[in-house]
Every structure is written in C-alpha cells, then in structure tokens.
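Open your viewer, load the chain and keep the selection panel handy. We will go stop by stop, picking something to select and then looking at what is there.

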Amino acid sequence: MTKEDIFTDLKKRMAKAVEAFNHELSGLRTGRASLTILDNVKVDYFGNLTPVKGLATLSVPESRTISIQPWDVSQIHAIEKAIQTSGLGLNPSNDGKAIRIVFPPLTEERRKDLVKIARKHGEECKVSIRNTRRDANEDLKKLEKDKKVSQDDLKKHQHEVQDLTDKQIAKIDEILSAKEAEIMEV
C-alpha cells in the first residue's frame, strides 16, 4: 500500500460517511413535505418488498402534502398500510385512486426530539470519520515501520490526515446546523 492509496481510501470513506449522514437526515420529518421521507418505506408487492417510488408517481402538490398516484390501483391499500406501519408517524388517506399524506405542523416538543435525533446521527458520522482517520494513521505508521516513508514524512502525512478530518467534521456540523434550523422553523 502506498501513501496515495491510503489518502484515496481515506477520502472515499469520509465522503461515504458524509453521504450516509445526509441520507439519514433526509429521512427526518420536518414541517415540510419531502419525498425522501418515503425512501425506506417498502410495500409487499406480490411477495417482493418494493419501494413506494417503484409502484407509484410521487409528488408534492403543496408544501405540507405528498400525493401518491399508484400505477396499479389494486395496490393502493398495500401502499397505505406500508406507510402506516413504517413508524414515520404519517397518517395517509386514500380516495380510491390516490393517497394523500398531509403533514401537520410539528409541536415544539417533537421538533426538539427531531433535533436530538439529528445530533445523534451527526455524532455517529463524526465517530465514523475519526475511525477512518485512525485507520489511515495506522497504515501510515506501517509504511514508516517498513521504511517506505521517513519519520518527517509520517508527521507531515498525519497532519494532512488531521486536516482532512477537520474539514469533514466541519462539513457535518454545517449540514447539521442547516437541518436543525429547518426542523425548528415554524
């Protein structure tokens, strides 16, 4: 393994951690309707668990409403049931042809709970990035032990790893602050 391989792997793993964090936050319900909240909802479609977006056209006709237009109307009850049992706290209603989900305004208590959940996801992501930093530093120490880099180069590379880590953690804090502001928005 070379220094370049270590840094390539480090950047890739850190980017994946931030991407996963973004995905986790997109599933958190805010006061506005967002189609990403349904990403993890699976419907039993003839024995296969299928995402809702694979069975219907999804849209946001108003800021607090999601409309779901199933391609196969016979699946409307299965989609409705999957949303009700998803644990998202959504209450869909159907008119026989389409499903509507109206997002009621969040209570202050629920907003604070959502902020706590977002912070928990942020901390998990930071831990993942720190673990990646540790792995890269261990790999760099192996290179130094194998006499592939000097001790001075090792110190320089470890500072580079720390700089990358600091930038990624700052990015997480920035994303988290934006999400907190979105959640607390009335």
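Which residues in H1 meet which residues in H4? Before you answer that on screen, keep in mind that this is a predicted model.

**Stop 1: H1 against H4**

Select residues 3-26 for helix H1 and residues 151-184 for helix H4. On the H1 side, show Lys 3, Phe 7, Leu 10, Lys 11, Met 14, Val 18, Phe 21, Asn 22, Leu 25 and Ser 26. On the H4 side, show His 157, Glu 160, Val 161, Leu 164, Thr 165, Gln 168, Lys 171, Ile 172, Ile 175, Leu 176 and Lys 179. Colour this contact by class and you will find eleven nonpolar, five polar and five charged residues.

Now draw the two helix axes: those of H1 and H4 come within 11 Å and cross at roughly 10 degrees. An angle under 35 degrees counts as roughly parallel, so H1 and H4 are roughly parallel to each other.

**Stop 2: H3 against H4**

Keep H4 and add residues 108-145, which form helix H3. How are H3 and H4 oriented to each other, parallel or antiparallel? Their axes lie 10 Å apart and the packing angle is about 170 degrees. With the limit for roughly antiparallel set at over 145 degrees, H3 and H4 are therefore roughly antiparallel. The contact of H3 with H4 has 14 nonpolar, eight polar and eleven charged residues.

**Stop 3: Val 43**

Next, select residues 42-45, strand E1, and centre on Val 43. Is Val 43 buried or exposed? Its relative accessible area is 0%, so Val 43 is buried. To see what surrounds this side of the strand in the contact list, show Asn 48, Leu 49, Thr 50, Val 52, Leu 55, Ala 78, Ile 79 and Ala 82: Val 43 touches each of these, leaving aside residues up to four places away in sequence. For a distance check, pick the C-alpha atoms of Val 43 and Ser 86, which are 43 residues apart in sequence and 9.9 Å apart in space.

**Stop 4: Lys 81**

Move to helix H2, residues 76-84, and highlight Lys 81. Lys 81 has 56% relative accessibility and so counts as exposed. Draw another C-alpha distance here, from Lys 81 to Asn 91: these two are ten residues apart along the chain and separated by 9.7 Å.

**Stop 5: Thr 65**

Select residues 65-70 to bring up strand E4, where Thr 65 lies. At 2% relative accessibility, Thr 65 counts as buried. Beyond residues up to four places away in sequence, Thr 65 touches Ala 33, Ser 59, Val 60, Arg 100, Ile 101 and Val 102.

**Last stop: the whole chain**

Zoom out and colour by secondary structure. There are four helices and six strands, and from the N terminus on the order is α-β-β-β-β-α-β-β-α-α. The radius of gyration is 22 Å, well over the 16 Å that the globule rule gives for 186 residues, so the chain is more spread out than a compact globule. Align the view to the principal axes, and the C-alpha atoms fill a box of roughly 70 × 40 × 25 Å.

Switch on the surface: its accessible area comes to about 11,100 Å², with 50% belonging to carbon and sulfur atoms. Buried residues make up 37% of the 186. If you plot a contact map, look at contacts between residues at least 6 apart in sequence: 64% of them join residues at least 24 apart.

Key: Residues numbered from 1 in each chain as written. Predicted model: local features only at pLDDT ≥ 70, side-chain atom pairs only at ≥ 80, totals over all residues. Heavy atoms only, no water. Axes fitted to C-alpha atoms, helices over the stretch in contact; angles between N-to-C directions. Parallel < 35°, antiparallel > 145°, perpendicular 65-115°, else oblique. Contact = heavy atoms within 4.5 Å. Nonpolar A, V, L, I, M, F, W, Y, C, P; charged D, E, K, R; others polar. Buried < 20%, exposed > 50% of the residue type's maximum accessible area, 1.4 Å probe, protein only. Rg over C-alpha atoms; globule rule 2.2 N^0.38 Å. Areas by Shrake-Rupley, 256 points an atom, 1.4 Å probe, with all protein chains shown as cover.
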